[in-house]
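Trainee: Before we discuss this model, could you show it to me and then take my questions one at a time?

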Amino acid sequence: MRHKIRMTRFVVLSLLLVLTSFGTGSVQDVSARDRVQIRWFVGLGTGTEAEQIAAQEAVVSDFNASQDEIELILEVIPFDQAYDVLATQIAADNAPDIVGPMGIQGRADFPGVWMDLDPLIQETNYDLSDFDPALLDFYYLEGEGQLGIPFAVFPSFILYNKDLFDEGDIPYLPSNYNEPYIDWEGNERPWDMSTLREVAMVLTVDANGNDATMAAFDPDNILQFGFGNWAGPHNDLRARDTIFGAGSLVDGEGNAVIPPHWVEAEQWFHQAMWEDFFYPNLIYSQSELLGAGDTNWFGTGNLGMWHTHMWYMGWGTANLDADWEIAPMPSHNGVVTANLHADTFGIMKSTDNPEAAFTVLTYLLGEGANDLTQVYGGMPARISLQDGYFERFIEVQQAAYPDVEWAEKNWHLVTEGLSYPDVPNHQEGLPRSAESRARYARYAEEFASDPDFDVEAELEKLRLDLQAIYDTAD
Amino acid sequence: MSTKLHELSRSHAQRRALKRMGGRERRDALWGLFFITPWIMGFLAFYLMPMVSSLGFSLFDFTLSAPEDARFIGLDNWQRMLFDDPNTWHSMKVSLGFLAISLPTMLIFGLLLAILLNAKHLVGRNLFRTLFYAPTMVPLIAAILIWESVLNPSTGWVNRLISLSGFEATGINGLRWLDDPSLVYFAYTFISLWGIGNAILINLAGLQNIPTELYEAAAIDGAGWIRQLRKITLPMMSPIIFYNLVLGLVLQLQYFIVPWVLTEGTGYPQGSTSFFMVYFYKQAFTFQNMGYGATLAWLMFVVTLIITLVLFASARFWVFYGGGRED
């Protein structure tokens, strides 16, 4: 009898459990079904490092918990594949709703796919007074509208490896803009491209301990280079040459042009690779010495000075077993130019849920911005978030990389770099942007492979080829 | 003339035979058609229609990300491809140059290895056959990445092995297989040889179909190995070689995966790996110029067709079928 009662209880309990689970499942299903799904695509800019992904996942989780109308779904694609993946998704009519963070170039590479946010801004009375109007204009495109709202800016600067300077008894670089450089003989020099060249040559050392200024220097056995640019030797000449002044490869009439100061810059860089040997050529850039093809040369500890952006801070020096410091950008002909990257999120025209996507966008620019800018390394574009930014940034980096004295770096140079932006920006769109970039990337690869490269003739050839590409654009 | 008459009379005879079909035979024929219908539908949907569509696309400025903005531009894409775009002929030259190196290498190695693996004096024949076929089972992408490491100028075992001979193969001035335009085709051919197993298998099957009596008779007549190879093996294998040649031609002209995985389509080093299909893919999908991409695809189709037709035309002079040369 007791056995029967037990059995009955067991059956009833089981039934209840099954029914409960069905009930709960139904509620969850209904809830999930009711939510509008918004896909957030990350990969065209920063946001693909492990700690950044974790922070983004936390933002997604917070957003999803904050309301029950929208389900935000994060898609992170590695940077080197993101362009193709997004292009394929667009072609397959399976585009995400929101893309970002992405720079000006990311936006320019996909012309015509971004939604004009202006109607949604008007409709929701979204307050734009917290943004610098000049930055807002960055994302306004004639004929297409307001394609983004500024999210973060990434000024550029020079990072230098203090240990390598110490080894060579080379005085440190200036700590302020407009401050001269005091060289190893105690001479005061302007901190410009000419001085940078000389410092870089002294920093470049071969296997026998000779530096690049010495007659016995062996260029086939270099162990340490003086200077490099985050864009590498065979990637982006616009990013590289802007240190000589801002410019563009297209003029107002849509003609292909090579600004004269960029011709000078290209000759300077070619000499740096093949005659002065302080800038890695293609072969060295792909050697184990500089990370075997990885573009983070500075992180190997074998590069003295590095022109990079704020997004590099943190992860970039994670494996660097040396002390480093931030220095101002050098001037050229008395003018300082600090390349600027500016990131945003874009909503795709093809989204089925523009209002929901805009809600997510405003969350990322608002509640989520503080956490995201910390991990992205960008300075918030929202004016109200800029106060205390570096204190928060240092706190985050100190926790992540405790071996570095983050508070002691020259962070004021980052903010001051914003006073020397490159206008026009080096990432501005070109006609047939991706194809034009592929063309000049090929130029840059040959430039970095060939010691006999005729810079002027090849630049003219590049100009003609770019013109042919521009001519095929609408 | 006599051939045409022969074909005409044969088609008349076939038609008469169809007319003479009884109810059962007709039913069988209909069932046959029914069973091949899925293939016909697949052919129409996945081959013929895309081909016709791509011909249409080639007349439009059609951007993949904004198909609604497509506009008719007539033959502009064709003019750009044939006359204005230096990359078209550069990439075609790259593809044909690589074809000239890799196709004969693949054919010769495939045949020689099959002959070796068919040799009756070879000890452990089955083991070697398995070993030579095994790399074909390795996924291509994995194989390419393995080869990238194997050919690494500093750490790859190819250069280390060469260095043992005293030649300085490693280091900055060493052999840079994947970075040197004069070496890269050979490196890519090595990688292609990795997947030669199928060609060996087909050649092996062909070799095993050659009657042994022919070799015995030749041996009695005093023919040595070379003469037997020239007078028996090669003529008897010619249909198989022809098959491998045509298949290899089409595959090599569509060469894409290896350069794409190794260079992401940059053409590195110095444009030497800007294969035609890589350029086509970049135009169509990376640059999203689908209209121009379709035009490029048609050029490759026409070039492949012409070379294949030339090969078929040449076959009558060197391919021997069971009843003699093909007429």
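Mentor: Let me begin with a definition: two residues are in contact if their C-beta atoms, placed from the backbone, lie within 7 Å. This is a predicted model, in which local features need pLDDT of at least 70 and side-chain atom pairs count only at pLDDT 80 or more, while totals for chains, interfaces and linings use all residues. Residues are numbered from 1 along each chain as its sequence is written, and chains are lettered from A and ligands numbered from 1 in the order in which they are written.

Trainee: What share of the contacts in chain A with a separation of 6 or more comes from residues 24 or more positions apart?

Mentor: The count is restricted to contacts in chain A with a separation of 6 or more. Among these, the part owed to residues 24 or more positions apart is 72%.

Trainee: How many helices and strands does chain A have, and what percentage of its residues count as buried?

Mentor: Helices (H or I, at least four residues) and strands (E, at least two) are DSSP runs, numbered from the N terminus, and chain A has 18 helices and 16 strands. A residue is buried if 20 or more other C-beta atoms lie within 10 Å of its own, exposed if 12 or fewer, and partly exposed in between, with C-beta atoms placed from the backbone. Of the 474 residues of chain A, the buried share is 44%.

Trainee: How far apart do the C-alpha centres of domain 1 and domain 2 of chain A lie?

Mentor: The bounds, which come from an automatic or database domain assignment, give domain 1 as 35-153 + 341-400 and domain 2 as 156-339 + 422-471. The contact between them takes 15 residues from domain 1 of chain A and 12 residues from domain 2 of chain A. Their C-alpha centres are separated by 30 Å.

Trainee: Which peptide bonds next to P101(A) and P424(A) are cis, and where does P424(A) lie?

Mentor: The bond from G100(A) to P101(A) is cis, with omega near 5°, and P101(A) belongs to strand β3 (residues 98-102) of chain A. The bond from V423(A) to P424(A) is cis as well, with omega near 5°. P424(A) is placed in the loop between α16 (412-417) and α17 of chain A.

Trainee: Is N125(A), with its positive phi, buried or exposed?

Mentor: N125(A), a residue other than glycine, has phi near 50° and sits in the loop between α5 (118-123) and α6 (133-138) of chain A. Because 7 other C-beta atoms lie within 10 Å, N125(A) is classed as exposed.

Trainee: Which element of chain A gives the most residues to the side that touches chain B?

Mentor: The contact between the chains draws 26 residues from chain A and 22 residues from chain B. On the side of chain A, the elements that give two or more residues are α3 (79-91), α11 (282-285) and α17 (433-449). The largest contribution, with 8 residues, is that of α17(A).

Trainee: What radius of gyration does chain B have?

Mentor: Chain B has 14 helices and 4 strands, and its C-alpha trace spans about 75 × 70 × 35 Å along its principal axes. The radius of gyration is taken over C-alpha atoms, and the globule rule is 2.2 Å times the number of residues to the power 0.38. For a compact globule of 327 residues a value near 20 Å would be expected, but that of chain B is 25 Å.

Trainee: At what angle do α10(B) and α11(B) pack?

Mentor: Two packed helices are described by the angle between their axes and the distance between the axes. Axes are lines fitted to C-alpha atoms, for helices over the stretch in contact, and angles run from 0 to 180 degrees between N-to-C directions. L214(B), Y215(B) and A218(B) in α10(B) meet Q228(B), K231(B) and I232(B) in α11(B). The axes of α10(B) and helix α11 (residues 225-253) are 11 Å apart, and the angle is about 145°.

Trainee: How many of the residues of α10(B) are buried?

Mentor: Helix α10 spans residues 212-220 of chain B and is hardly covered, and just after α10(B), G222(B) takes a positive phi of about 90°. Among the 9 residues of the helix, the count of buried residues is 0.

Trainee: How is E264(B) classed by its C-beta neighbours?

Mentor: E264(B) lies in the loop between α12 (257-263) and α13 (276-286) of chain B, where its phi is near 55°, a positive value in a residue other than glycine. Because E264(B) has 16 C-beta neighbours inside 10 Å, its class is partly exposed.
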